[in-house]
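User: Please take me through the strands and aromatic rings of this protein, one question at a time. I am in my first year, so give the cut-offs as you go.

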Amino acid sequence: MELDAEIMKIKMKKEQLNKVSIADDDFTFLENALSLTLSSPKVKDWSDLKLNTDQFAIQGAIAELQMSITSKINSLCDPTFREKQQYAVDVTLDPDTAHPLLNVSADGKQVATENQKRNIENKPERFDQVLNVLAKEGFSSGKSYFEVQVKGKTQWDLGVVSGSINRKGDIRLSPKNGYWTIWLRKENVLTANADPAVNLPMRQMPEKVGVFVDYEQGQVSFYDVEARAIIFSFTGYNFSEKLFPFFSPCVNDGGKNSAALIITTVTNTC
């Protein structure tokens, strides 16, 4: 009878774990999982008896659940996010690189797309067909971080690029062309422009994006600032020239995408 009671406890614990593991919503998963006591039920040493395999099953289930919880927490709130923000740098837009349809604010912190081209000189550093602009400041060593408000926009591109990128004609955004970027399309389609492109499913679209560069480690990472969560990381690259922050507010789309991209002051959010 005593052994039967302990087996029943194990089965009940296993059933609880199974219910937690099938939760579709990440926050529901964590809430349910953290409400459990993640330890095996206390049982006697029944080594002289034939053990029910359910005991081994629940030990495996607990270990798997603990790993899942850690993974979910890291994806929902990167524990190193505050550290990334410590590398904040001052970034200002370079109007000499801006496409003629782009309007860069006087302080160099905002860029929006206008309906009419400006009558300006077509300098070698200026983008002439795509709605792009670079920052004045570049990174050639160490770690750097900046944040951009994308709230209210249905399309945008963000990231960093090599200083020698082609500025003329049509351009394909990819690391092999010197672009480490992500973009938003159709208001809710987020993509990393890798080789090949990677679709990025999100609980909700970010309103502010953090961009972190570790030059020596060959890493470019993107964060949802409000959620303190990683969006995507490019890793394992060998940077050999200066990298510049890259921005595109994209087409105005009849006013639907008229909001500006805004470089904001970094404040610790954790």
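**Sheets, a lysine and rings**

Analyst: Seven strands make up an open sheet with antiparallel pairing, in the order β1-β2-β13-β4-β9-β10-β11. Strands are DSSP runs of E with at least two residues, helices are runs of H or I with at least four, and both are numbered from the N terminus. Two strands pair if DSSP finds at least two bridges between them.

The model is predicted, so local features need pLDDT of at least 70 and side-chain atom pairs count only at pLDDT 80 or more, while totals for chains, interfaces and linings use all residues. Residues are numbered from 1 along each chain as its sequence is written, and side-chain values use heavy atoms, with hydrogens and water left out.

User: Which strands stand at the edges of the sheet in the order β1-β2-β13-β4-β9-β10-β11?

Analyst: An edge strand here has a single partner strand, so one of its sides is left without a neighbour in the sheet. The strands in that position are β1 (102-104) and β11 (229-234).

User: Which residue in β11 stands opposite Tyr-223?

Analyst: Strand β10 covers residues 219-224 and runs antiparallel to β11, with five bridges joining them. Tyr-223 is in strand β10. The residue opposite Tyr-223 in β11 is Ile-230.

User: In what order do the strands of the six-stranded open sheet come?

Analyst: The pairing in this sheet is antiparallel. Its edge strands, each pairing on one side only, are β3 (133-134) and β8 (198-199). β3 pairs with strand β12 (residues 243-248) over two bridges. The order is β3-β12-β5-β6-β7-β8.

User: What is the bridge partner of Val-160 in β12?

Analyst: β5 and β12 pair in the antiparallel sense over six bridges. Strand β5 also has six bridges to strand β6 (residues 179-185), where Val-161 stands opposite Tyr-179. In β12, the partner of Val-160 is Pro-245.

User: How many residues of strand β5 are buried?

Analyst: In a regular strand the side chains alternate between the two faces of the sheet. Buried means under 20% relative accessible area, exposed over 50%, and partly exposed in between, using a 1.4 Å probe and protein chains only. On one side of β5, Trp-156, Leu-158, Val-160 and Ser-162 are buried, and on the other Asp-157, Gly-159 and Val-161 are too. For strand β5 (residues 156-162) the count is seven of seven.

User: How far is Lys-208 from the nearest side chain of opposite charge?

Analyst: Lys-208 lies in strand β9 (residues 208-214) and is buried without a salt bridge. A salt bridge needs a side-chain nitrogen of Lys or Arg within 4 Å of a carboxyl oxygen of Asp or Glu; Lys and Arg count as positive, Asp and Glu as negative, and His and the chain ends are not counted. The nearest side chain of opposite charge is Glu-147, at 4.4 Å.

User: Why is the pair of Phe-81 and Tyr-223 described as tilted?

Analyst: Rings of Phe, Tyr and Trp (its six-membered ring) pair if their centres lie within 6.5 Å; planes under 30 degrees apart count as stacked, over 60 as edge-to-face and the rest as tilted. The structure holds 12 aromatic pairs. The centres of Phe-81 and Tyr-223 are 5.3 Å apart and their planes are at 50°, so the pair is tilted.

User: How many residues apart are Phe-81 and Tyr-223?

Analyst: Phe-81 counts as buried at 0% relative accessibility, and Tyr-223 counts as buried at 2%. Phe-81 is in helix α4 (residues 81-85) and Tyr-223 is in strand β10, so named parts of the chain that are distant become linked by a pair 142 residues apart.
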